[in-house]
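Here are a few friendly notes to read alongside the model. Keep the 3D view open and turn it as you go through the points.

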Amino acid sequence: MLKLFYTPATCSLASHIALEEAGASYEAHRVDFSKAEQTKPEYLAVNPKGRVPALVTDRGTLTETPAILTYIAQTFPGARLAPNDDPFEFARLQSFLSYLCSTVHVAHAHARRGARWADDPAAHEAMKAKVSKNMADCFALIEGTMFAGPFTMGDTYTIADPYLFTIASWLEGDGVDPAQFPKILDHRNRMAERRAVAKVLDVVRS
Ligand SMILES: N[C@@H](CCC(=O)N[C@@H](CS)C(=O)NCC(=O)O)C(=O)O
C-alpha cells in the first residue's frame, strides 16, 4: 500500500490529487507543520529532507513532486496521466513540472522560508518584497506561452494539472490577483469541480 505524507496547503496537494485521479490505493498521513513534525526524528526517518510530500512505496520512498507525479502516472498507466509512450510530449510535460518545481515554487518560498538563503532579517524582508512580482512574472509566462488549454499540456488531463492547480492556489496569499490570468483562473475553477480534487480538499481541510 502506498503511503503519502502530506501537509494541508502545501505542494503535497498535487501528489495527493494525482493518487486520487489514478484510482490508487493509498494511505494519507498528515505531517503537522504547526507542531514542526517535519523536523522530528520520526518524520526525518521517512524523509531526511524534512519536507512534504514523501511517497512510501514497496521499493522505497520517493520525494520531489515531479518524481512522485511521474511515478504515479507510470504506475497507473490506465489513468492516462502522462504521455508515457511519446518522448517529445513526455519531455514537454517534464519541462512544465520542472518549471513549477524549480522556479515557481522557489519564488513562492522566498516569502516564508527566507532563512534557507540568508541569515540577515533585512535580506528576508527584501526577499519577501519580491515574491508578488516574481510570482506574477512566472504566471504571466505560464498564461502567455506555456499553458496550452483546455488542460495544462493541451487536450488531455495530465499530472501537470494538479500541480498547476496547487501552485496557482497560492497566488492570493502571495499578493497576486489571479484575475490577471484568465486561463489559469478558469483552469483553477474547473479543477476545483473535479471529483478527485473535491475529495482530496475535503480530506486535507478536515
Ligand atoms: N522540491 C520539493 C519541495 C518540497 C517542499 O519544499 N515542501 C514544503 C511544503 S510546500 C515543505 O515541506 N516545507 C517544510 C519546511 O520547509 O520546513 C518538491 O517539489 O516536492
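**Notes on the fold and its two domains**

1. Among contacts between residues at least 6 apart in sequence, 61% join residues at least 24 apart. Please keep in mind that this is a predicted model.

2. Try tracing the chain from its N terminus: the elements run β-α-β-α-β-β-α-α-α-α-α-α. That comes to eight helices and four strands. The radius of gyration is 17 Å, close to the 17 Å that the globule rule gives for 206 residues, so the protein is as compact as a globular protein of that length.

3. For a sense of scale, the C-alpha trace spans about 50 × 45 × 35 Å along its principal axes. Buried residues make up 34% of the 206 residues.

4. Next, look for the two domains. Domain 1 covers 2–80 + 198–205, and domain 2 covers 87–194. Their centres, taken over C-alpha atoms, are 19 Å apart.

5. Where do the domains meet? On one side are 12 residues of domain 1, in contact with 10 residues of domain 2. Helix H1 (12–22) and helix H3 (65–75) each supply at least two residues of the domain 1 side, and H3 gives the largest share, six residues. By class, this side of domain 1 has 10 nonpolar, two polar and no charged residues.

6. Finally, find the ligand. The residues surrounding the ligand include Thr10, Cys11, Gln38, Arg51, Glu64, Cys101, His105 and Arg113. Each domain gives at least three residues to this shell. By class, the shell has four nonpolar, five polar and three charged residues.

Technical notes
Residues numbered from 1 in each chain as written. Predicted model: local features only at pLDDT ≥ 70, side-chain atom pairs only at ≥ 80, totals over all residues. Domains from an automatic or database assignment. Contact = placed C-beta atoms within 7 Å. Nonpolar A, V, L, I, M, F, W, Y, C, P; charged D, E, K, R; others polar. Near = placed C-beta within 6 Å. Rg over C-alpha atoms; globule rule 2.2 N^0.38 Å. Buried ≥ 20, exposed ≤ 12 C-beta atoms within 10 Å, placed from the backbone.
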